[in-house]
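Q: Got a minute to go through this one with me? I'd like to start with confidence and then get to the interface.

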Amino acid sequence: MREAIGMEALKTKGRKIWLVVAVMMGVQMLWAGWAISNKDANDLVQGWLFFLYQFPMLNCIIMPVIAAVVASRLCEVEHKGQTFKLLETIVPANRIFDAKFIWGSIYMFGAALGQVAIMIGMGLMLHFGGPVPWGALGGYLFFTLAVSLTIYAFQQVVSMLFANQMVPMTLGLVGGFIGLFSMFFPQGFQKFILWSYYGVLMQIGMNWDQNTRAIDFYWTAIDWSGFVLLFVFFGLIYGIGRILFVRREV
Amino acid sequence: MFIRVLKAEMIKMRHSPVWLAFLLIPIIPAFMGTFNYLNNLEILENEWYSLWTQHTLFACYFFLPVLIGIYCSYLWRLEHANHNWNAVMTAPVPITHLFLAKLIMGSAMVVLTQLWIGLLYILSGLLAGVSGPIPPELSVWLFFGALGGMVACALQLFISLVIRSFAVPVGIALMGGIAGLALLSKGYGIWFPYALITLGMRANDPAAPMSVGEIQFILACAVFMAGFSLFAIIWLKRRDVVTG
């Protein structure tokens, strides 16, 4: 397995995948800066809660795109070079699948970690109220990674099965947009849509007073049943996808 | 010669799965917009005009840039595949014709998308029971939206020409759309290609005239399109091809 992962590392050399992740993080940082720039000193007291509410919402769009781009970059090299035929004669197909997933996960982890760094950096710079909520930020990192890896698994399956990368890109984007839209719906409905789990596993709720137009954020209990369901989604996508990849004719 | 290049482009697009994106992606903002409109009837009192803001709000910032990104990546996909650049660049066809044919194909797809968005808007309004006549300005919104879309198309064609990946330019388009939202709110929309779609479609306030003059808008579109086309043509003329 170590050799297979090493091979993935060599294949991605010079393909500037980290640059894609960095650009996406840059946009997310700009967005966060723009969103927080409208807040006054009173709002900044709830700055941590605001970020922990805003970031998962934006993640519905940003992270599926990162997952789709990374998966596409890792898989299109094989389609372009028609290398699966050669690869599968020297490495078992399931190991290729696993290695690609592990290597792609590193990028997803980097993106999630980058978001936490943005939150901490901006929070300290703008003097948000209270100490840094390390526990909540750790929870955010964990849940963001869990959802992102499940979406990444889906993208990898589709990117490996379709030579034409337009199909996984379209499916990923449509999924991301539906995920964003599903935030308008009750949580029961959201749980059926993979891309909306950034919202399902959010640790913050929001109250909006229609008369005063004031916004108030509050801590909510973590939806562990949603997390279990996400785990089931991951198992199904990874398991079925891996079988489809292994059994397909090269 | 140019007509033949255009015909070749049409043959390349035949039976392509790009219709999947063309049909599916605009349905989502239409659905989202109508749902949002129906849920906020007490605030959104301007009927068809309010419905338009809800439809275009998401479409202009997220969906259209991405969709145009997909179109443009697809238009160069065949050239980037295998060793096709060798065949393309040795064919007795002026490079300018080659790029302009791609731009026309992309622009035609943008126009069709605008028509599809218009149709979805009318259908949604009728299904949602919006009273009053359909706004006569609809064709103007769609026309200026298409112009803005063509600028995004020229830029995306350049990006997809330079970056050989299918996915990366689409990601850039999404980032551009999001950045356009911030820049437009600060009043710099006319200077940013991705924000021109929103500006042209009057997504923020369809009842009011465009925040910049129409002549200024058309001029900005023409300058951006000419600039990006020039960049792409110079790139094609000066750079050696990378194949495989």
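A: Sure. Chain B has a mean pLDDT of 88 (the predictor's confidence in each residue, from 0 to 100), and 100% of its residues reach 70 or more. This is a predicted model, where local features need pLDDT of at least 70 and side-chain atom pairs count only at pLDDT 80 or more, while totals for chains, interfaces and linings use all residues. Residues are numbered from 1 along each chain as its sequence is written, chains are lettered from A and ligands numbered from 1 in the order in which they are written, and side-chain values use heavy atoms, with hydrogens and water left out.

Q: And what does chain A average?

A: Chain A averages 86, with 99% of the residues at 70 or higher. Within chain A, helix α3 (residues 41-44) has the lowest confidence, a mean of 72, and helix α7 (residues 134-161) the highest, at 93. Helices here are DSSP runs of H or I with at least four residues, strands are E runs of at least two, and both are numbered from the N terminus.

Q: What are the ipTM and pTM?

A: The model scores ipTM 0.72 and pTM 0.82.

Q: OK, interface. How many residues does each chain put into the contact?

A: Chain B gives 33 residues and chain A gives 28, counting heavy atoms within 4.5 Å as contact.

Q: How much area do the two chains bury?

A: About 3,000 Å² between them, and 83% of that is on carbon and sulfur atoms. Buried area is the accessible area (1.4 Å probe) that two parts lose on being put together, summed over both. On the chain B side, F35(B), F166(B) and M175(B) supply 17% of what chain B buries against chain A, more than any other three residues.

Q: Which helices of chain B touch chain A?

A: α2 (18-39), α3 (47-80) and α7 (167-185) of chain B each supply at least two residues. α7(B) has the largest share, 10 residues.

Q: How many salt bridges cross the interface?

A: Zero by the rule, which wants a side-chain nitrogen of Lys or Arg within 4 Å of a carboxyl oxygen of Asp or Glu. The whole structure has 12 over all chains. One of them joins K100(A) and E78(A), at 2.7 Å, N to O.

Q: Which parts does that pair tie together?

A: K100(A) is in helix α6 (residues 93-125) of chain A and E78(A) in helix α4 (residues 47-81) of chain A, so the pair links parts 22 residues apart in sequence.

Q: Switching topic: where does UniProt put the transmembrane regions of chain B?

A: The unreviewed entry lists several, including residues 99-128 and 140-163. UniProt positions are in the numbering used here, feature names are shortened, and annotations may be inferred rather than shown by experiment. In the model, residues 99-128 of chain B are 100% helix and 0% strand, with end C-alpha atoms 43 Å apart.
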